[in-house]
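Dear colleague,

Please find below the structure that I am handing over to you. My notes on what was found in it follow.

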Amino acid sequence: MRLAVISDTHLPAPNPWFEAVYAKYLAPADLLFHCGDSTGLALWSFLLQHPRFEAVAGNSDAYALAASLPTILERSIAGRRLAVVHGWGPRPGLSGRIAEALGDRADIIFFGHSHAFEDTTSGKTRLINPGSLRPGGSLALVETGPDAWTVRRISV
């Protein structure tokens, strides 16, 4: 199964660049996760065309959007406990704070907030930040399997 993971798009509405990235990388994914800060309702509405799109609220989302989204998602995928969260506080030490808060609840955590790609572990928990989906930024494509999850950073 292929998961597309994005975060921190900070767009009020899709533009031609975003639509091209969606068509090439996001639409073909089995599941699409947005780790917060999509910012605008129009962008979020555009992403709803994906049949298996899920998102969490970020600290920069429009109020109406943030109020309608959860702050954390928890799912079981390919035998692993997955959590999706935006993140909080200063960027230094972010993955450590997230691992401390959620590590006992998840095998893998997708998060955003720092705008920087990261694929690290804390104890038995793997933490993946796709970076900021903007020109010059990145997204993550994750292939799930029974023994391992393979993460590929895609520069856009």
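The protein contains 4 helices and 10 strands, where helices (H or I, at least four residues) and strands (E, at least two) are DSSP runs numbered from the N terminus. Starting at the N terminus, the order of elements is β-α-β-α-β-α-β-β-α-β-β-β-β-β.

Please note that this is a predicted model, in which local features need pLDDT of at least 70, side-chain atom pairs count only at pLDDT 80 or more, and totals for chains, interfaces and linings use all residues. Residues are numbered from 1 along each chain as its sequence is written, and side-chain values use heavy atoms, with hydrogens and water left out.

Regarding overall form, the C-alpha trace spans about 40 × 30 × 30 Å along its principal axes. The radius of gyration, taken over C-alpha atoms, is 14 Å, which agrees with the value near 15 Å for a compact globule of 156 residues; the globule rule is 2.2 Å times the number of residues to the power 0.38. Of the 156 residues, 50% count as buried. Here buried means under 20% relative accessible area, exposed over 50%, and partly exposed in between (1.4 Å probe, protein chains only). Among contacts with a separation of 6 or more, 52% come from residues 24 or more positions apart, a contact being heavy atoms within 4.5 Å.

The structure also holds 3 aromatic pairs. One of them joins tyrosine 22 and phenylalanine 46 edge-to-face, at 5.1 Å centre to centre and with 70° between the planes. Because tyrosine 22 belongs to helix α1 (residues 16-26) and phenylalanine 46 to helix α2 (residues 41-47), this pair ties together parts that are 24 residues apart in sequence. Both partners are buried: tyrosine 22 has a relative accessible area of 7%, and phenylalanine 46 has 18%. Ring pairs link these two residues with Phe18 into a cluster. For reference, rings of Phe, Tyr and Trp (its six-membered ring) pair if their centres lie within 6.5 Å; planes under 30 degrees apart count as stacked, over 60 as edge-to-face and the rest as tilted.

Finally, I draw your attention to arginine 134, located in the loop between β8 (125-130) and β9 (138-143). Arginine 134 is partly exposed, with a relative accessible area of 36%. Leaving aside residues up to four places away in sequence, arginine 134 touches Trp17, His115 and Val156. Its C-alpha atom is 7.9 Å from that of phenylalanine 18, although the two residues are 116 residues apart along the chain.

With kind regards
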